Structures are given as structure tokens and as C-alpha cells.
Amino acid sequence: MKLFKEKLAWAAPIAVILIIALFSVNLFAQANPQVKNLPIALIVNDEGQHVDRVLEAVKAMSKGDQGSEAMLAFTSEEEENIEALFADKEYYAALVIPADYNATLQNVLATHQPAKLQIYINQGLNVTGSNFAKTALNGFISSLNEEYSETLIAQLDHENISAQQASIIVNPIVPEERVFNPITASTANGSAPTLLAVSAWVGALIGGFILFLAASKRFERATLTRKQTFTLISSQFVFGIIIALFSGFTVATLAQIAGINMPSYFLVAFFVSFAAFCFYLLVSAITAWIGKPAITLFMVVMLLGMGVLMTPPEMLPSFFVNFIRPWVPIRFASEGLREIFYFGSGFYTGASFNTILGIGIAGLIILVLSIFKPIKGNTLVTPVSVENQR
């Protein structure tokens, strides 16, 4: 029963509670996502009373229900700009009123041709967000269709209706979909970039920590000068390159074996290697300063990040959007790989590449500064000058 007197034993249930709590935080992000102001482009290529009715319905939909935020946020755009706007990830979808919409709907009973409202879907941005936008816009068009159907039935009351008229009365307005930046087949339904990014993070985390332990064991009784510490950091840097390349090419090879449809094996391998190396520098830098507790810190970052990686920010609680999502390094690797997979990007992926590079540079600077870490006994990477030894 002496175990009950050990303080460390009593720490076990507390640790279990904390770990479960961290895992459970993601339940708040995933359990009941509420969509708020999902950005949708509105393209109007026609005018007339029927176009005005669509715009009235859009305005009503933009107000939300009972004072709550609207699910969709519409912004007027020009059609010639939509591809660039989708490439810049400004919108999940677009509602397009074609040039012949008003005239077609005006003469629907005579021509027996339904009017079309077009839905453009920016699928590569986020499969969850684009699917929600698609469903919401189809529901919007369905509501308009029912309204016009009831009006046409009232107009033809007591008249003989032909088979062609009956068909057009039921569906006077139909949706027409067009997909931009499509999710290619065999990419885990759009999840492949995130899965590969997580692999890069895990590789950097494990590699960085194992190197820290190896160096700690080698020099645990040694007192290093700053020159020796700098040499050690240089060795860590070189090992980081090796670990990153192993990570990138292992991930790309396993993805290829698993049947993931990659745009380019070497492009994906080198980008994952680049991300893994920058993450490794960050892990090594923090570990050099705070030691073994760093592994817990980075595991917490990964656990909290899993809830936000595949979910659009418009579907997350404000706490996750403001305080967790901006600080999850894996997200930038995921966004960079998404650019490569679905937006035709090369190795340089724009903002995501710049952020990952910034993480790597910051990590390298912090790692080098650990040379000047205050001395607390004979510990790893705690340099002491020869003059102090004397």
C-alpha cells in the first residue's frame, strides 16, 4: 500500500483527466458544427423581374433566421474574375444568373424549356465547405422552383395540360453545376493533403526528439563550450536534412503504394521534406530550451490541431478560429499540399510556403540562440566558456 503515499502515483489520474480533456476538446469543434457566413460569389448576367425575384430571395437568405448569423454570405462578382477568385480561395461556390434567365422563365410555358441557375463549386478549397455550399444553393434553387411551380399551376387552373407542360410546370427552374479545382479521384475524398501534412509533422516531432535524447545521452556528463555547442547544433541541422528527406520520400512512397493520386511523386516528396525540415527546426529549437516537456507541448498542438485541419473556419466555434487555428503549424503544410494537389501549384505555394519557411527560420534562430542558454548544472546544449571553467 506504499504506492498510495507516492505523489507520482496520484499524478496518474490527474494526467489521465488532462489527456482525455485534450482529446475531447475536438468534440466541441466536430460535434455540432454551425455554419456561419460561408462566402459565396453572386454573379448576375441578366436583368428583369425574374432576376429581381432571385436577388430578393438571396437578400432574405443573407439575413439568417431569428437574428442568428446567416449560413451563406453573398458578394457580387464578375464572371470573368471567378476563376482567379476561386484560385485565391475567396469563395467556396458561386450562384450564377445566366444572360437568358429572365427571358427563358418568362416564356417557359411556350418553349417548354426550363430556366437555369448555375452553381459553380470550388471543390478543391475544402470538400466539406464546398459540399455544404452546393447543398445550400441547390436547396435555394429548389425553393424558388417550388414557388414558380405553384404560380404556373395557378395560371393554368381548369385548362388542359399537355405532358410537356406538366413536366415544365413541375420544374420551371433547374440547377446546372460546374466544378472548379476538382478533387481528383483516389485522394481520400480530398483528405490526402492533410494526411500527408500530419505525417510530415509526426516525422519531424519524432526525429527531433530522438536526436535530442541521443545527444543528451552522449553529452550528459560533458560541459560544452559555445564552440562545441555550435558544432552540435550544426550536426543537428545536417541530421534534420536527412530526417526530412527520409520523411518526405517515405510519405510519398507509401502514398503511391496506397494508390493516392499524386500530381507528381517528386514534387510531393520534396514539399513534404521541406515542411518536415522546417517543423524539425522548430521542434529542435523548443526542445533545446525546455527539454523533454517540449514533446508534450507539440503533442498537444497536434491533438488540438486535428479538429481544425479538415473543417472550414466558417464551421468552427469562434474560440477555435481565433485561438487555435492560427497557431497550428500542420495547417500550412496541409494548405500547401492542397495547392499542389488541386490548384496546379508547383513547389512554391504562395502564402503557405512563406509561412512554413518563416517557421523554419524562426526555429533555426531560436536553436542557435540556445548557445546562450543560462547554465543549470551540466546539461545538454548549456554552453559554458573556458574562462568560466577556469
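## Close-ups of a predicted chain

**View 1. The whole chain, and who touches whom.** Among contacts between residues at least 6 apart in sequence, 78% join residues at least 24 apart. Keep in mind that what you're looking at is a predicted model. The chain holds 15 helices and 5 strands. Out of its 390 residues, 45% count as buried. As for the outside, the chain exposes about 20400 Å², and 62% of that comes from carbon and sulfur atoms.

**View 2. The sheet, strand by strand.** Here the 5 strands make an open sheet, and if you read across it the order goes 2-1-3-4-5. The pairing is mixed. Which strands sit at the edges? They are strand 2 (72-76) and strand 5 (173-180), and each of them pairs on one side only. Going from one strand to the next, the twist averages 25 degrees. A bit of background helps here: strands of a sheet pair through backbone hydrogen bonds, either parallel or antiparallel.

**View 3. Strand 1 and its partner, strand 2.** Zoom in on strand 1, which covers residues 38-44. Strand 1 pairs with strand 2 in the parallel sense, over 5 bridges. You can follow the match-up by picking out residues: Leu38 stands opposite Leu72 in strand 2, and Leu42 stands opposite Ser76 in strand 2.

**View 4. Strand 1 and its other partner, strand 3.** Now look at strand 3, residues 93-97. How many bridges join strand 1 to strand 3? There are 5, and these two strands run parallel. To get your bearings, find Val44, which stands opposite Ile97 in strand 3. Is strand 1 largely enclosed or not, and why? Of its 7 residues, 6 are buried, so strand 1 is largely enclosed by the rest of the structure. Buried here means under 20% relative accessible area.

**View 5. Helix 10, from end to end.** This helix takes in residues 265-290, 26 residues in total. From its first C-alpha to its last, helix 10 reaches 37 Å, close to the 38 Å expected at 1.5 Å a residue. Helix 10 is largely enclosed by the rest of the structure, because 20 of its 26 residues are buried. What comes after helix 10? It is followed by Gly291, whose phi is positive, near 75 degrees.

Note on methods:
Residues numbered from 1 in each chain as written. Predicted model: local features only at pLDDT ≥ 70, side-chain atom pairs only at ≥ 80, totals over all residues. Heavy atoms only, no water. Helix = DSSP H or I, 4+ residues; strand = E, 2+ residues; numbered from the N terminus. Expected span 1.5 Å × (residues − 1). Buried < 20%, exposed > 50% of the residue type's maximum accessible area, 1.4 Å probe, protein only. Pairing = 2+ DSSP bridges. Axes fitted to C-alpha atoms, helices over the stretch in contact; angles between N-to-C directions. Contact = heavy atoms within 4.5 Å. Areas by Shrake-Rupley, 256 points an atom, 1.4 Å probe, with all protein chains shown as cover.
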